[in-house]
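Subject: Structure handover

Hello,

Here is the structure I said I would pass on. Please look it over first; my notes on what was found in it follow below.

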Amino acid sequence: MTDEQYMQQALKEAHKAFDEGEVPVGAVIVMNDRIIARGYNQVEKLTDSTAHAEIIALTAAFNFLGSKYLPEAVLYVTVQPCLMCSGALYWSKIGRVVYGTEDEKNGYKRVAQDVSPFHPKTTVTGGILQNECAQLMKDFFKQRR
């Protein structure tokens, strides 16, 4: 599958969050061309400010593999990770991070503009299905205001 096809899967997770009244961020983790973990924001549902899509997906991947490191895995997430999630991704040693749309307010680039907060071997790709990912966020916040 392509980056776009995996991002479509992350968007499906984001729609679950949207439907539950959560900020619509979704994530999938892929290894050997197979989705091994999924997650979507569940901050309100779990009353846990750390229950971001990336954290939920990471925990599922660690449990699936029985490992705390993911150097061969790829995270697809609909919105640029925040600094907290970037830190968790750093410690996971994930091989690649692919995100859809920028998050100018809460994304890692707001704080770490000139330095990557990810593991030195992690590669990052942004802008995959950017318009679809951004529109879902816009629709959510428009509905809320």
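Two residues are said to be in contact when heavy atoms of theirs lie within 4.5 Å. With that rule, Ser92 touches Leu58, Phe62, Lys68, Tyr69, Leu70 and Pro71, its neighbours within four places in sequence being left aside. Ser92 belongs to helix H4, which covers residues 83–92. Its relative accessibility is 0%, so Ser92 counts as buried. Please keep in mind throughout that this is a predicted model.

Overall fold

The protein chain has six helices and five strands. In sequence order they follow the pattern α-β-β-α-α-β-α-β-α-β-α. The radius of gyration is 14 Å, and a compact globule of 145 residues would have one near 15 Å, so the value for the protein chain agrees with that picture. Along the principal axes, the C-alpha atoms occupy a box of roughly 40 × 35 × 30 Å.

How much of the chain is covered? Of its 145 residues, 47% count as buried. The accessible surface is about 7,800 Å², and carbon and sulfur atoms contribute 49% of that surface. Among contacts in the protein chain with a separation of 6 or more, 59% are between residues 24 or more positions apart.

Charges and salt bridges

The protein chain carries 16 positive and 17 negative charges, and the mean positions of the two sets are 2 Å apart. How many salt bridges are there? The count comes to four. Three of the pairs are described here, and then a network.

Asp3 and Arg96 meet through their side chains in a salt bridge, at 2.7 Å from N to O. Asp3 sits in helix H1 (residues 3–19) and Arg96 in strand S4 (residues 96–101), so this pair ties together parts that are 93 residues apart in sequence. Asp3 has a relative accessible area of 18%; buried means under 20%, so Asp3 falls in that class.

Glu13 is paired with Arg38, and their closest N and O atoms are 3.4 Å apart. This salt bridge also links distant parts of the chain, with Glu13 in helix H1 and Arg38 in strand S2 (residues 34–40), 25 residues apart. Are the two partners buried or exposed? Glu13 is buried at 3% relative accessibility, whereas Arg38 is partly exposed at 36%.

Glu20 forms a salt bridge with Lys45, and here the closest N and O atoms are 3.7 Å apart. Glu20 is in the loop between H1 and strand S1 (26–31), while Lys45 is in helix H2 (residues 43–46); the pair links distant parts of the chain, 25 residues apart. Glu20 is partly exposed, with a relative accessible area of 39%. Lys45 counts as exposed, at 51% relative accessibility.

As for the network, salt bridges that share partners join Glu13, Lys16 and Arg38.

Two positions in the strands

Tyr76 lies in strand S3 (residues 74–79). With a relative accessible area of 4%, Tyr76 is buried. What does Tyr76 contact, leaving aside its neighbours within four places in sequence? The list is Asp3, Tyr6, Met7, Ala10, Gly26, Ala27, Val28, Val30, Arg96 and Val98. Asp3 and Arg96, both in that list, are the partners of the salt bridge at 2.7 Å described above. Tyr76 and Lys138 are 62 residues apart along the chain, and their C-alpha atoms are separated by 20 Å.

Thr101 is in strand S4. It is buried, with a relative accessible area of 8%. Leaving aside its neighbours within four places in sequence, Thr101 is in contact with Thr78, Val79, Gln80, Gln130, Cys133 and Ala134. Of these, Val79 is 22 residues away from Thr101 in sequence, with 4.9 Å between the two C-alpha atoms.

Those are the points for the handover.

Regards

Terms used: Residues numbered from 1 in each chain as written. Predicted model: local features only at pLDDT ≥ 70, side-chain atom pairs only at ≥ 80, totals over all residues. Heavy atoms only, no water. Helix = DSSP H or I, 4+ residues; strand = E, 2+ residues; numbered from the N terminus. Rg over C-alpha atoms; globule rule 2.2 N^0.38 Å. Buried < 20%, exposed > 50% of the residue type's maximum accessible area, 1.4 Å probe, protein only. Areas by Shrake-Rupley, 256 points an atom, 1.4 Å probe, with all protein chains shown as cover. Lys, Arg positive; Asp, Glu negative; His and termini not counted. Charge placed at Lys NZ, Arg CZ, Asp CG, Glu CD.
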